[in-house]
Amino acid sequence: MLSPERLALPDYEYLAQRHVLTYMEDAVCQLLENKEDISQYGIARFFTEYFNSVCQGTHILFREFSFIQATPHNRASFLRAFWRCFRTVGKNGDLLTMREYHCLLQLLCPDFPLELTQKAARIVLMDDAMDCLMSFSDFLLAFQIQFYYSEFLESVAAIYQDLLSGKNPNTVIVPTSSSGQHRQRPALGEASTLEGVEASLFCQCLENLCDRHKYSCPPPALVKEALSDVQRLTFCGFLVALSKHNGINQALGALPDKGDLMHDPAMDAELERLLVQIPGLVNSVTAGPEASCLPSRPPPRVGSPWRPLHHARKVDAESDGSTEETDESET
């Protein structure tokens, strides 16, 4: 049965909103790159596996950054994969630096840009040094806002700088021959020393901006709610408010509430199932102290189930024996 949203939109608009053409182009490119291997089991099976992986959110594993950020679904899938793969960092209470979190991101996306990680870290650390330690939950929620809404936040930063300089961003300026030179905006570091801008005027500008960013901005009502208790705010304060607002996190839908970030019963059950299948692992864990004197022997290599070919190129290069990617794809 078709959803009300699907019935309300024309076919071409619905396909564009869901970025179906993006996935079709990517599937065809991978089909052409691996046509010799795909011919062994058929094109129909390849497309079935490809779009199943898109639905499951595993299609972004080990892909290039340009593909990961190509659609909102890809971004949400990457956030969910990062959380599920590395939530044990938070579960163990470990604190990491910005560079260490960036290394974790590069395990899933080798060309992930450092700039995005730095921006996320600034939301958490604010005026502290960039080499300070951060908890997994604080970094993840800040990273979610910076990564998923990156284009929207760039526009918000421009609006904030205009308000600081006394310019109304909602004013339409007609260019003339005498307007050749533009006033230079103050740097973000200089703006942070000021008292910020008036929250009500800032919210009004954001409402107008959200009308132009229908699919890449948080719900305007929730943004207004997040800023309802402040009279003035800085741009960094705005980012912090977004990252800490539970309603915005729920509206995005990629991560659970902050209190549940360390809990993933489905993943825990899957890990236990996989550990039981590894010969000798359970016995070695439960063996007595005398077993530690015996010479160790590497366990036999267990063949993994068949994977879609669109992962084959990256799995061969990235595989280090870990089970994170397997866990993600099987859930």
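Being 4 residues apart in helix H9 (residues 114-125), Lys119 and Glu115 are separated by about one helical turn, and in this predicted model their side chains meet in a salt bridge with an N to O distance of 3.4 Å. Lys119 itself is partly exposed, its relative accessible area being 26%. The count of salt bridges comes to 6, and the points below take up further pairs, then helix H11 and the largest cavity.

**Salt bridges**

- Glu151 forms a salt bridge with Arg75, in which the closest N and O atoms are 2.8 Å apart. Because Glu151 lies in helix H11 and Arg75 in helix H7 (residues 72-91), the pair ties together parts that are 76 residues apart in sequence.
- The two partners of this pair fall into separate exposure classes: Glu151 counts as partly exposed at 33% relative accessibility, whereas Arg75, at 7%, counts as buried.
- Asp264 and Arg84 also meet through their side chains in a salt bridge, at 2.8 Å from N to O. This pair links distant parts of the chain, with Asp264 in the loop between helix H16 (246-252) and helix H17 (265-277) and Arg84 in helix H7, 180 residues apart. Both Asp264 and Arg84 are buried.
- For the pair within H9, Lys119 and Glu115, the general geometry is relevant. An α-helix has 3.6 residues a turn, so residues three or four places apart point the same way.
- Asp26, Arg63 and Glu64 are joined into one network by salt bridges that share partners.

**Helix H11**

- Helix H11, which covers residues 150-164 and has 15 residues, reaches 21 Å from its first C-alpha to its last, close to the 21 Å expected at 1.5 Å a residue.
- The buried residues of H11 include Phe152, Leu153, Val156, Ile159, Leu163 and Leu164, and among them are also Ser150, Tyr160, Gln161 and Asp162.
- After H11 comes Gly166, whose phi is positive, near 85°.

**Largest cavity**

- There is 1 cavity of 30 Å³ or more, and the largest cavity has a volume of about 50 Å³.
- The largest cavity is lined by Cys203, Leu206, Glu207, Cys210, Pro220, Val223 and Lys224, a lining that by class has 5 nonpolar, no polar and 2 charged residues.
- Helix H13 (199-212) and helix H14 (220-226) each supply at least two residues of this lining, and the largest share, 4 residues, comes from H13.

Terms used. Residues numbered from 1 in each chain as written. Predicted model: local features only at pLDDT ≥ 70, side-chain atom pairs only at ≥ 80, totals over all residues. Heavy atoms only, no water. Expected span 1.5 Å × (residues − 1). Buried < 20%, exposed > 50% of the residue type's maximum accessible area, 1.4 Å probe, protein only. Salt bridge = Lys/Arg side-chain N within 4 Å of Asp/Glu carboxyl O. 1 Å grid on protein atoms, 1.4 Å probe; cavity = no way out; pocket = protein on both sides within 12 Å on 5 of 7 lines; lining within 4 Å. Points joined across faces, edges and corners; volume = space filled by probe spheres on them. Nonpolar A, V, L, I, M, F, W, Y, C, P; charged D, E, K, R; others polar.
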